[in-house]
Amino acid sequence: MIDRSFIGHTLPAFDVRVEAGRLRFFAKATGQTDPLYVDEDAARAAGLPGLLVPPTFLFCLEMDAPDPAAIRNLLGMDYRKLLHGEQQFTYHAPAHAGDTLRFEQRIEDIYDKKGGALEFVVRRTQVHNQRDARVAELRTVTVLRNA
Amino acid sequence: MTSTTSHTPRFDSLQVGDTLPTLQLEPVSRLMLALYCGASGDHNPIHVDIDFARSAGRADVFAHGMLSMAWLGRLLTNWVPPSALRSYGVRFAAITHVGDRVRCEGRVTEKLEVGGERRVRLELSTVDQDGQVKLTGDAVVALP
């Protein structure tokens, strides 16, 4: 069983720079053709400071942490047994290529179901930009299958 | 987002039960999964390396849940400007397999006003060619 004393644990904050090339690659991989996500001229013409970060890409940026396995290792979870259970985003301000975003992760809850066969880790991540404006909040539920 | 403003649905003209234009995807291919692996930064081999997938007890690799969530995100931002999105969440209910033909659907479930802003709540899902639901979710968007 995952050690429940990690509930409330906060991880060291980290910064991630949003790169235009990566956004274009993500748009290609997800079939996104809207020019706001792929064409810098079109984004600027629409009044944006750079290519727009699409709604789910904040999760990818969070995975660009210096150690993306930090929580997994901290909690001793084998990633062969992990599934992504839920993902939520709350949006406060848009993010664009050129921004540097700060991610602050906290383990909000750990619980189990089916007599411990399934364990759930709930993580909440606050995202701010380089002007310290709130960009978004992410809530991620990871499922560990112990059966 | 001036490029999309003229197509934005209006709060007054929407009713609970109205549906969003459906987004039908091409069948999930291994190339799609490889591209999403690289672009997303999710390098979990279970989505791209069949040897690893088998060692984890799976018959084959399977799609990243977040790839389907990105497709559902396209459904949303095809309908409203990206800046209109207030919240968006999904539950990954079933695994999306190679070859699945995923369809993204959305429906208005509530009209509400928050802090003077007019919003609608949407119910979202992805379903495969057999009608099996893979992702369920909801979103709240602001409307003029």
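Two residues are taken to be in contact when their C-beta atoms, placed from the backbone, lie within 7 Å, and that cut-off is worth keeping in mind throughout this tour of a predicted model.

**Start with chain A.** Select chain A alone and colour it by secondary structure, which should bring out five helices and five strands. Tracing the chain from the N terminus, you meet them in the order β-α-α-α-α-α-β-β-β-β, so to follow the path, step through the elements one at a time in that order. Turn the C-alpha trace along its principal axes, and the spans come to about 55 × 30 × 25 Å. Of the 147 residues in this chain, 33% count as buried. If you display contacts between residues of chain A with a separation of 6 or more, 68% of them come from residues 24 or more positions apart.

**Next, bring in chain B.** With both chains shown, select the residues of each that touch the other: 29 residues of chain A are in contact with 32 residues of chain B. On the chain A side, α1 (20-30), α4 (57-62) and β2 (82-91) each supply at least two of the touching residues, and the largest share, eight residues, comes from β2(A). Colour that side of chain A by residue class, and it divides into 15 nonpolar, nine polar and five charged residues.

**Zoom in on the strands that meet across the chains.** Keep β2(A) selected and add β2(B), and you will find the two strands paired in the antiparallel sense over five bridges. For one place to centre the view, pick Glu86(A), which stands opposite Arg91(B) in β2(B).

**Then follow the strands of chain B.** From β2 (residues 85-92) of chain B, move to β5 (residues 133-142) of the same chain, to which it is joined by seven bridges in an antiparallel arrangement. Within this pair, selecting Ser87(B) leads you to its bridge partner in β5(B), Val140(B).

β5(B) also pairs with β4 (residues 117-127) of chain B, again antiparallel, and here nine bridges join the two strands. Select Thr126(B) and look across to β5(B), where Leu135(B) stands opposite.

**Finish at the turn.** Which residue in the turn between β4(B) and β5(B) has a positive phi? The two strands form a hairpin with five residues between them, and the residue to select there is Gly131(B), whose phi is about 85°.

How values were computed
Residues are numbered from 1 along each chain as its sequence is written. Chains are lettered from A and ligands numbered from 1 in the order in which they are written. This is a predicted model: local features need pLDDT of at least 70, side-chain atom pairs count only at pLDDT 80 or more; totals for chains, interfaces and linings use all residues. Helices (H or I, at least four residues) and strands (E, at least two) are DSSP runs, numbered from the N terminus. A residue is buried if 20 or more other C-beta atoms lie within 10 Å of its own, exposed if 12 or fewer, and partly exposed in between; C-beta atoms are placed from the backbone. Two strands pair if DSSP finds at least two bridges between them. Ala, Val, Leu, Ile, Met, Phe, Trp, Tyr, Cys and Pro count as nonpolar, Asp, Glu, Lys and Arg as charged, and the others, Gly among them, as polar.
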